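Colleague: Please take one part of this model, the sheet and whatever packs on it, and walk me through it closely. Keep it brisk.

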Amino acid sequence: METSNKVTVEATVQAPVEKVWEYWTEPTHIKKWNSASDDWHTPIAENDLRAGGKFHSRMEAKDGSFGFDFGGTYDEVKLHEVIAYTLGDGRKVNITFKGQDNQTEVIETFDAETTNPIEFQQQGWQAILDNFKKYAESI
């Protein structure tokens, strides 16, 4: 899929990078934060966190009305610094973690898809990232 539209979302999490990394990558945690709103959830999360490894999660509306699979293959994994992957449709995603003292900046850049407006995609990814921030800071 050819696209030059890259979208960036970011958040500063009030937690050390080691904790942020663990919560971002461990399936037990992913299931607890990976949704854009309270009426969605992630009942399945699998993660083989290494270059060439695959990940998969199932995101569903809690009422069962809609759901989709989200997954891909890791291109680069640099502990506490970078996660880069290619989605099943060929789009690229790059996430950087910048830890300093007791806070971590998480910056996610992804190739936009062509089905939905870019603003809609950015809002959705930002909502998930905001949910992650809330979860990581509350535990």
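Modeller: Strands β3 (residues 54-61) and β4 (residues 67-78) run antiparallel and are joined by 7 bridges. Within that pairing, Phe-55 stands opposite Gly-72 of β4. Bear in mind that this is a predicted model.

Next, the whole sheet. The sheet is open and has 7 strands, in the order β1-β7-β6-β5-β4-β3-β2, with antiparallel pairing. Its edges are β1 and β2 (40-47), each of which pairs on one side only. On average, neighbouring strands are turned by 20 degrees against each other, direction ignored.

Now the β1 end. Strand β1 (residues 6-13) pairs with β7 (residues 103-111) in the antiparallel sense, over 8 bridges. Ala-11 has Val-106 of β7 as its bridge partner. On to β6 (residues 92-100): this strand also pairs with β7, antiparallel, again over 8 bridges. Here Phe-97 is the residue whose bridge partner in β7 is Val-106. So Val-106 is a bridge partner of both Ala-11 and Phe-97.

β6 and β7 form a hairpin with 2 residues between them. Look at Asp-101 in the loop between these strands. Its phi is near 55 degrees, a positive value in a residue other than glycine. Asp-101 counts as exposed because its relative accessibility is 73%, and the cut-off is over 50%.

There is another positive phi in the loop between β4 and β5, where His-80 sits. The phi of His-80 is near 65 degrees, and this residue is not glycine either. His-80 has a relative accessible area of 24%, so it ranks as partly exposed.

Back in β4, take Val-77, which belongs to that strand. Val-77 is partly exposed, at 28% relative accessible area. Leaving aside residues up to four places away in sequence, Val-77 touches Trp-21, Leu-49, Arg-50, Ala-51 and Val-82. As a distance check, Val-77 and Ala-15 are 62 residues apart in sequence and 20 Å apart in space, C-alpha to C-alpha.

Then the helices. Helix α1 packs on the sheet and touches β1, β2, β4, β5 (82-87), β6 and β7. The direction of α1 makes about 150 degrees with that of β6. Helix α3 lies across β1, β3, β4, β5, β6 and β7. α3 runs at about 20 degrees to β1.

How do the two helices meet? Two packed helices are described by the angle between their axes and the distance between the axes. Here the axes of α1 (residues 17-25) and α3 (residues 118-138) come within 11 Å and cross at roughly 125 degrees. That angle makes α1 oblique to α3. The crossing of α1 past α3 is right-handed. From α1, the contact draws on Lys-19, Val-20, Tyr-23 and Trp-24. From α3 come Leu-129, Phe-132, Tyr-135 and Ala-136. By class, this contact has 7 nonpolar residues, 1 charged residue and no polar ones.

To put the part together: the sheet of 7 strands has β1 and β2 at its edges, α1 packs on it, and α3 lies across strands that include β1 and β3.

Terms used. Residues numbered from 1 in each chain as written. Predicted model: local features only at pLDDT ≥ 70, side-chain atom pairs only at ≥ 80, totals over all residues. Heavy atoms only, no water. Axes fitted to C-alpha atoms, helices over the stretch in contact; angles between N-to-C directions. Helix = DSSP H or I, 4+ residues; strand = E, 2+ residues; numbered from the N terminus. Parallel < 35°, antiparallel > 145°, perpendicular 65-115°, else oblique. Left-handed = near helix turned anticlockwise from the far one by under 90°. Contact = heavy atoms within 4.5 Å. Nonpolar A, V, L, I, M, F, W, Y, C, P; charged D, E, K, R; others polar. Pairing = 2+ DSSP bridges. Buried < 20%, exposed > 50% of the residue type's maximum accessible area, 1.4 Å probe, protein only.
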